Amino acid sequence: MSIFKKILTGALVAIGLGGCIKNDLPYPRIECNITDIMVDGQSAPAVIDPQTRTVTLTMSEIADLQSVEVLSFKVEPENCRVDGLKGNLNLIRPAYATLSLYQDYVWTIRADQTIERYITVDPQMGEPVIDVPGRRVIVYVPKGTDLTKLTVTSLKLGSPAATVSPAIVGVPTDFTRPVELVVTDHGRSSLWTIFAETVDATVTLTGVDAWTRVAWFYASVAKESDAGFEYRLQGSTDWTKVEDVTKGSGVISARALHLSPSTTYEVRAYCGTDVSASQPFTTGTEAQLPNSTMDLWWKDDKVWNPWGEGQTPFWDTGNKGATTLGESNSQPTADTQSGTGYAAQLKTEFKGIGPLGKIAAGSVFSGVYVRTDGTNGILNFGRQFSERPTRLRAMFKYKNAPISHVGTDSRFADWKGRPDTAQIFIALTDWNAPMEIRTNPKNQQLFNPADPSVIAYGQVSYGSSVEQWTPLSIDLQYRSTSRVPKYILVVCTSSKYGDYFVGGNGGILTIDDLTLEYDY
């Protein structure tokens, strides 16, 4: 056989054998995540949920959702291929981006935009109904109003840049028939229809929100100047007028203070000599936080727990994570203001050896430490609670320490040497379940006070030492008087940015005697 034939035969054999070789090695599974994103018109940091692969963008009123420019984004790992996040996005409906590295991962990009819309007329009775999808508006006026020359005193049906044609604000207009308006926003026009309807009653009680020692009243009235509320114990003959009444266009509201808990009252609204039907309401209880004195603790191996052995927990700590590399850094202490019982002593300490360790902030929170993910924690924030306190009080001491560790987040790279900060905060939410907190940067999820499910929030922070027992007070700021909480979250920590493994070794927050108050 010639040399040429031998080479050709060898090549054919190799080809034949190559056709039989099968690659059974699986591709590695490396998940791609969006870790940061910024778009034009964004009004708050993006909410990124790696579990559901969802990004929620809070957009300003002026932003055009049909053309949202992506300014920047970050993904992890950095070599992930990204399709769908360049240029402009149409976020009227959710958009989708695909991240790829061996496998494809589809992410959903949503926009959350709140546009304030309103209309007032003179005279007006109660709040208007603004149907955005149907582009219909209903305004209510007192019986006897001349609808042939009803004046619109203010109007906004789109973004601050929207125009309305014809211009009817300040112009007496015939509302005996529906009035049609063209609203032009971002170069696109839509037709809105406004209806005016008369109301027989001059005063109508529209809402009662009963808290514990406070109640909020709402009513529609024909004339705000001589309108208000009065209340009494149910069955009593004497009415008490509410002094501080807020008046708007056809509506009034007020707050009754210093009520008794678990008590039934009745309230009515008045306008001149006319009164509405009365409505009963019952106040809530002055519920307190279990183990609010921090007297109950028990130790399970190396882990100190802030509840009595065999009892139902309300509070928990990060000790289960801290003790993987050392001792508990949230412990009971006999150093109390009263000299009896215990307080919670929360220490920021470095756990581990060199690069194998991390700074651990001492903390106590209402919820559950679920498990440790490597050297990171997974927690459930919140305990069931349905009352509406107005304030949290407590006693505390604080030993400040300079920040000694700054973690891996680049935002804190130059913070070393700055004073650390202790923080106590309280939130009331209407979550459907406790919130899962994850400190692992790969799928991090932390509490955000701007979460729409947060009904009320308040916090205090301390960036310098407070050597003596000192009272603290946190007023709760409510977003709504009518939403009823499902969960309460109280967090006390010796390092505000401990979730990012940023803190000062040796800082100590001591907290005791937490009390909820219910009056203003």
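This passage describes strand pairing and nonpolar cores in a predicted model.

It is convenient to begin with strand 43 (residues 487-493), a mostly covered element in which 7 of 7 residues are buried. Burial extends to both of its faces: Tyr-487, Leu-489, Val-491 and Thr-493 are buried on one side, and Ile-488, Val-490 and Cys-492 are buried on the other. Several partners run antiparallel to this strand. Strand 38 is joined to strand 43 by 7 bridges, with Ala-427 standing opposite Leu-489. Strand 33 (residues 363-373) contributes 3 bridges, and here Phe-365 faces Val-491. Strand 35 (residues 383-384) adds 2 bridges, with Gln-384 opposite Tyr-487.

Strands 38 and 43 also feed the largest nonpolar core, each supplying at least two of its residues. This core comprises 37 residues, and Ile-424, Ile-511 and Leu-514 have the most contacts inside it. Other strands that supply at least two residues each include strand 30 (343-347), strand 36 (391-399) and strand 45 (508-517). Leaving aside residues up to four places away in sequence, Ile-424 touches residues including Leu-392, Tyr-462, Leu-472, Val-491, Cys-492 and Ile-511.

Apart from the largest core lies another, of 25 residues, with Ala-63, Val-70, Ala-95 and Ile-109 among them. Turning to pairing earlier in the chain, strand 4 (residues 68-76) pairs antiparallel with strand 1 (residues 33-39) over 6 bridges, and Phe-73 is the bridge partner of Ile-37. Strand 4 is also joined, again in the antiparallel sense, to strand 6 (residues 88-89) by 2 bridges; there, Val-68 has Leu-89 as its bridge partner.

How values were computed: Residues are numbered from 1 along each chain as its sequence is written. This is a predicted model: local features need pLDDT of at least 70, side-chain atom pairs count only at pLDDT 80 or more; totals for chains, interfaces and linings use all residues. Side-chain values use heavy atoms; hydrogens and water are left out. Two strands pair if DSSP finds at least two bridges between them. Helices (H or I, at least four residues) and strands (E, at least two) are DSSP runs, numbered from the N terminus. A nonpolar core is a set of buried Ala, Val, Leu, Ile, Met, Phe, Trp, Tyr and Cys residues joined through side-chain atoms within 4.5 Å. Buried means under 20% relative accessible area, exposed over 50%, partly exposed in between (1.4 Å probe, protein chains only). Contact means heavy atoms within 4.5 Å.
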